[in-house]
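Trainee: Hey, can we go through this one together? I'd like to learn how to read it.

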Amino acid sequence: MKPYWTKVFGNPGALHWFGQEASAAVFKARNVIAKSLGCHYSEIIFTGSATEANNLALRGILKGIRNKELGMIGGKENRKPLIHNSLFTIPKIIVSSIEHESVLETARDLSRRWRDPAFHNFESVAGEKEGVEVVYLPVSKKGIVDLKKLKEELDERTVLVSVMYANNEVGTIQPIAKISEIIKDFRNELRIRNKESGGNLKSIIPNSSFIYPLLHTDAVQAFNYLDCNVDMLGVDLLTLSAQKIYGPKGIGALYARRRMNKELGIRDKENSVIHNSSFIILPQITGGGQEYGFRSGTENVPGIVGFGKAVELVSNSYELENKRLRKLQEYFLARIKKMFPKAQLNGDEKNRLPNNINLYFPQQSAQDLIIKLDLAGFAVSPGSACSARTCTPSHVLKAMGFSDERATSSIRITFGRPTTKEEIDKLTKAFARVL
């Protein structure tokens, strides 16, 4: 990253040599990330964080639908509400109840108000909250989403399903490929019903070829340890973060499948996602049209370069690192259970990330344990490390059906590349002292 703070300092959007040198570095990183996901480089949109990428996925999809509902595309004369079956359509999104706050809080914000476009001109409607219906999928005691409930909630108004690949607090891995199959089957069902009705079945967007609902997954925690090939997963949108794979902070990425635009008959010469107001995903940050128009602002070249290098390193070693950490995880759990039989593991014991251990210590305060372990030289967490400095009960453990007492007596321990067996032995001894 160092040369891109000093010597190669050009703006990648400039035509001169300094700019083109920086632009080449951005392209290289974009290509590395695309290859790791098995997609085209133009499907990678760099953002300032995974939180921004999640916001772009949810808000961008809803903004695109709102624009089409209002008939925005094609000039001011078409800016009028469209009526579906004599009712104004309220879009629906489905998210799991254990998503990261960047998805949950965005979903809550999108659901707060609904303004009927029939009684407002375009200018006033554009500034209102989207007012969508949000369904929160329940999860099991192990943290797995309820697939039966997902099937029940899918309908013609559903535009997006967002389920994280692996949970950041309890490490549970979700069956994303199965969720994708459920959604694909539902899309096909809509097409069949439309054909049987003589083309009278109304989708959420007219002439959309029934490509909805789309599937988004937050793969921030998973990318270090799991195969994130987008075709294998069957996702339309996928979020990544550099800082979760030992890259720099302040840089994230959103994968957005080009098929979403192709199925609407929207193309450019390379069938790539370019700046165009008719695309389904619309930008949240507008300006100079960087990142194919989806995220304006001069690119963070050093951050992007570091992101690309981190992806390269992870992609070459994730299987070996997965096995190494799995052994350390099993070793630590065996020692803890032997020393403290009352300790209980939160989440799925087998279907979880190899670096994650979330433990419940009955009648212990998580906050006290965190402080004592910190003084002993070990950094652990009550839940998500991304929230402001709070020790409120974990929304993930609550959604899994656990009590406030369990939620406030549980701590999350995560291992990483530097973690050794010797360090785990020291951690076990520290637990013996502080409990």
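Mentor: Sure, a bit of vocabulary to begin with: a residue is buried at under 20% relative accessible area, exposed at over 50%, and partly exposed in between, using a 1.4 Å probe and protein chains only. This is a predicted model, so local features need pLDDT of at least 70 and side-chain atom pairs count only at pLDDT 80 or more, while totals for chains, interfaces and linings use all residues. Residues are numbered from 1 along each chain as its sequence is written, and side-chain values use heavy atoms, with hydrogens and water left out.

Trainee: Okay. How many helices and strands does the protein chain have?

Mentor: There are 14 helices and ten strands. Both are DSSP runs numbered from the N terminus: helices are H or I with at least four residues, strands are E with at least two.

Trainee: And what share of the 435 residues is buried?

Mentor: Buried residues come to 54% of them. Also, take contacts (heavy atoms within 4.5 Å): among those between residues at least 6 apart in sequence, 70% join residues at least 24 apart.

Trainee: Let's look at α10. Which of the residues in α10 are buried?

Mentor: Glu 321, Asn 322, Leu 325, Leu 328, Gln 329, Phe 332, Leu 333 and Ile 336. These residues cover an arc of only 140° around the axis, so they sit on the same side of α10. The arc is taken from the directions from the helix axis to the C-beta atoms.

Trainee: Why would residues a few places apart point the same way?

Mentor: An α-helix has 3.6 residues a turn, so residues three or four places apart point the same way.

Trainee: What does the buried side of α10 pack against?

Mentor: It packs against β8 (344-345), β9 (356-360), β10 (410-414) and α14 (421-434). The face turned away from the buried side carries exposed residues: Glu 319, Leu 320, Lys 323, Lys 327, Glu 330 and Lys 338.

Trainee: New topic. How many salt bridges does the structure hold?

Mentor: It holds 21. To count, a side-chain nitrogen of Lys or Arg must be within 4 Å of a carboxyl oxygen of Asp or Glu.

Trainee: Which residue does Asp 155 form a salt bridge with?

Mentor: Its partner is Lys 92, with the closest N and O atoms 2.9 Å apart. Asp 155 is in the loop between α5 (147-153) and β4 (158-162) and Lys 92 is in strand β2 (residues 92-96), so the pair ties together parts 63 residues apart in sequence.

Trainee: Is Lys 92 buried or exposed?

Mentor: Lys 92 counts as buried because its relative accessibility is 3%.

Trainee: What about Glu 156, which residue does that one form a salt bridge with?

Mentor: That's Arg 193, and the closest N and O atoms are 2.3 Å apart. Glu 156 lies in the loop between α5 and β4 and Arg 193 in helix α6 (residues 176-196), so this pair ties together parts 37 residues apart in sequence. Glu 156 is partly exposed at 23% relative accessible area, and Arg 193 is partly exposed at 30%.

Trainee: Where do Glu 312 and Lys 309 lie?

Mentor: Both are in helix α9 (residues 301-315), three residues apart, about one turn of the helix. They form a salt bridge too, with 3.1 Å between the closest N and O atoms. Lys 309 is partly exposed at 44% relative accessibility. Elsewhere, salt bridges that share partners join Lys 92, Glu 133, Lys 149, Glu 153, Asp 155 and Arg 157 into one network.

Trainee: What does Glu 153 touch?

Mentor: Leaving out residues up to four places away in sequence, Glu 153 touches Lys 92, Ile 94, Val 135 and Thr 158. Glu 153 is in helix α5, and it is buried at 17% relative accessible area.

Trainee: Last topic, odd backbone spots. What joins Tyr 212 and Pro 213?

Mentor: A cis peptide bond, with omega at about 0°. Pro 213 is in the loop between α6 and β5 (214-218). Then there's Tyr 246, which isn't a glycine but has a positive phi of about 70°. Glu 291 is another non-glycine with a positive phi, about 55°.

Trainee: Why point those out?

Mentor: Because most residues other than glycine have a negative phi, and most peptide bonds are trans.
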